[in-house]
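Hi there,

Here is the structure I promised to pass on. Please have a look at it first, and then read my notes below.

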Amino acid sequence: SGSLDFIFERKGVFKIKNEGFNAEELEFDLIDSGCEEFMFDDEENAIIFYTAFTDFGKMTKALEDKNINVISAELQRIPNNLVDCDEATAEKVLALVDKIEQDDDVQHVFHNMK
C-alpha cells in the first residue's frame, strides 16, 4: 500500500443515523475517539465523519458503547490532492472506473478527480 500513500490517505469513514443528537455534544464526544471531520447529510438524515486509519477500531467501539445507529463504517482512500479535469477527460476516467468496477475481483476504486 505504501506506493499510494502520497496520493491517498487511508481514513475511516462513518455514517450514522441523525437521531436528533445535540450536534455540538456529539462532535465533542466523537473527537475523543478520533473524529477529524464532521458533516451533516440532510438528504439521508445522516451524519458523516472521518477518522485516521489508526482510530477506526477505537471509533467503532465508541459508537457501539454509545448505542449509536451506524449506517456504514468503512476504510477508504481519501485523495490528498484533487485534480481538475476537462469534461472529455472526466467522462473517459468515469467510463474507465465503471469498467474496472464491473470486474468481480475489484472491491473498491478510488480516484482523485474533482
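**What I found**

Asn 67, which comes after H2, has a positive phi, near 55°. Before I go on, please keep in mind that this is a predicted model.

Let me step back to the whole chain. It holds three helices and four strands, and their order from the N terminus is β-α-β-β-α-β-α. Of the 114 residues, 28% are buried. Among the contacts with a separation of 6 or more, 69% link residues 24 or more positions apart. The accessible surface is about 7900 Å², and carbon and sulfur atoms account for 47% of that.

**The sheet**

The four strands form an open sheet in the order S2-S3-S1-S4, paired in the antiparallel sense. Its edges are S2 (35–41) and S4 (70–79), each of which pairs on one side only. From one strand to the next, the twist averages 25°.

S3 is the strand I would look at in some detail. S3 (residues 46–52) shares six bridges with S2, in antiparallel pairing, and seven bridges join S3 to S1, again antiparallel. On the S2 side, Phe 38 sits opposite Phe 49 of S3, while Phe 40 has Ile 47 as its bridge partner. Towards S1, Tyr 50 of S3 stands opposite Val 13. S2 and S3 make a hairpin with four residues between them, and in that turn Asn 45 has a positive phi of about 50°.

Is S3 buried or exposed? Seven of its seven residues are buried, so S3 is largely enclosed by the rest of the structure. Ala 46, Ile 48, Tyr 50 and Ala 52 are buried on one side, and Ile 47, Phe 49 and Thr 51 are buried on the other, which leaves both faces covered.

**The helices on the sheet**

H1 (residues 23–31) lies across S1 (8–17), S2 and S3, and runs at about 150° to S2. H2 (residues 56–65) also packs on the sheet, where it touches S1, S2, S3 and S4; the direction of H2 makes about 5° with that of S1.

Which residues of H2 are buried? They are Phe 56, Met 59, Ala 62 and Leu 63. Viewed down the axis of H2, these buried residues fall within an arc of 130°, so they line one face of the helix. Their packing partners are S1, H1, S2, S3 and S4. On the other side of H2, Glu 64 and Asp 65 are exposed.

**The core**

The largest nonpolar core brings many of these residues together. It has 12 residues: Phe 14, Ile 16, Leu 26, Leu 30, Cys 35, Phe 38, Ile 47, Phe 49, Phe 56, Met 59, Leu 63 and Ile 68. S1, H1, S2, S3 and H2 each give two or more residues to this core, and the largest share, three residues, comes from H2.

If you would like one residue to start from in your viewer, try Phe 49, a member of this core. Setting aside neighbours within four places in sequence, Phe 49 is in contact with Gly 12, Val 13, Phe 14, Ile 16, Leu 30, Cys 35, Glu 37, Phe 38, Met 59 and Leu 63.

Happy to go through any of this with you.

Best wishes

Notes:
Residues numbered from 1 in each chain as written. Predicted model: local features only at pLDDT ≥ 70, side-chain atom pairs only at ≥ 80, totals over all residues. Heavy atoms only, no water. Pairing = 2+ DSSP bridges. Axes fitted to C-alpha atoms, helices over the stretch in contact; angles between N-to-C directions. Contact = heavy atoms within 4.5 Å. Buried < 20%, exposed > 50% of the residue type's maximum accessible area, 1.4 Å probe, protein only. Arc of directions from axis to C-beta. Core = buried A, V, L, I, M, F, W, Y, C linked by side-chain atoms within 4.5 Å. Areas by Shrake-Rupley, 256 points an atom, 1.4 Å probe, with all protein chains shown as cover.
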